[in-house]
Amino acid sequence: MYEKDELAKVLQDAVQALPRELGDVFMMHEIEGMSFREISAATGIPLGTLTARKAHAVSILRNELKDYKIYIED
């Protein structure tokens, strides 16, 4: 149980360390379950920009979490 809590904290810290525009898209898509279309409608940000931001966030998170063997999907 301790390891699971520790990994959750590491992941939370890594997401919070992302630049805001990347972290917001990651959280809305992955945690809140919003589609890119829903995020675009809510924020006015074009779909292409949202998908690029999410991809950048995933790339950063993969790099930051590589030592923890956490797999982050695209």
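At what angle do helix α3 and helix α4 pack, and how far apart are their axes? Keep in mind that this is a predicted model. In it, α3 (residues 36-43) and α4 (residues 47-65) pack at an angle of about 115°, and their axes are 9 Å apart. The crossing of these two helices is right-handed.

Here is who takes part in that contact, helix by helix.

| Helix | Residues | Residues in the contact |
|---|---|---|
| α3 | 36-43 | F36, R37, I39 and S40 |
| α4 | 47-65 | L47, L50, T51 and K54 |

By type, the residues of this contact divide into 4 nonpolar, 2 polar and 2 charged.

Now let's walk around α3. F36, I39 and S40 are buried. These residues sit on the same side of α3, because they cover an arc of only 100° around the axis. As a rule, an α-helix has 3.6 residues a turn, so residues three or four places apart point the same way. Turn to the other side of α3 and you meet R37, A41 and A42, which are exposed. What lies over the buried residues of α3? The cover includes α2 (20-31) and α4. Just after α3 comes G44, which takes a positive phi of about 80°.

Next, follow the chain into α4, where A57 has its place. Is A57 buried or exposed? A57 counts as buried because its relative accessibility is 0%, and the cut-off for buried is under 20%. Leaving out residues up to four places away in sequence, A57 touches L18, L22 and F26. V25 is 32 residues away from A57 along the chain, yet the C-alpha atoms of the two are separated by 8.4 Å.

A57 also belongs to something bigger: the largest nonpolar core, which has 10 residues. Its members are V10, A14, V15, L18, L22, F26, A57, V58, L61 and L65. The elements giving two or more residues to this core are α1 (2-17), α2 and α4. Which of them gives the most? That would be α4, with 4 residues.

L18 is another member of this core. With residues up to four places away in sequence not counted, L18 touches G23, A57, I60 and L61. Apart from this core lies another one, of 6 residues, including V25, F36, I39 and L50. Some of those names should ring a bell: F36 and I39 of α3 and L50 of α4 also help make the contact between the two helices.

Terms used. Residues are numbered from 1 along each chain as its sequence is written. This is a predicted model: local features need pLDDT of at least 70, side-chain atom pairs count only at pLDDT 80 or more; totals for chains, interfaces and linings use all residues. Side-chain values use heavy atoms; hydrogens and water are left out. Axes are lines fitted to C-alpha atoms, for helices over the stretch in contact, and angles run from 0 to 180 degrees between N-to-C directions. A crossing is left-handed if the near helix is turned anticlockwise from the far one by less than a right angle, and right-handed if clockwise. Contact means heavy atoms within 4.5 Å. Ala, Val, Leu, Ile, Met, Phe, Trp, Tyr, Cys and Pro count as nonpolar, Asp, Glu, Lys and Arg as charged, and the others, Gly among them, as polar. Buried means under 20% relative accessible area, exposed over 50%, partly exposed in between (1.4 Å probe, protein chains only). The arc is that of the directions from the helix axis to the C-beta atoms. A nonpolar core is a set of buried Ala, Val, Leu, Ile, Met, Phe, Trp, Tyr and Cys residues joined through side-chain atoms within 4.5 Å.
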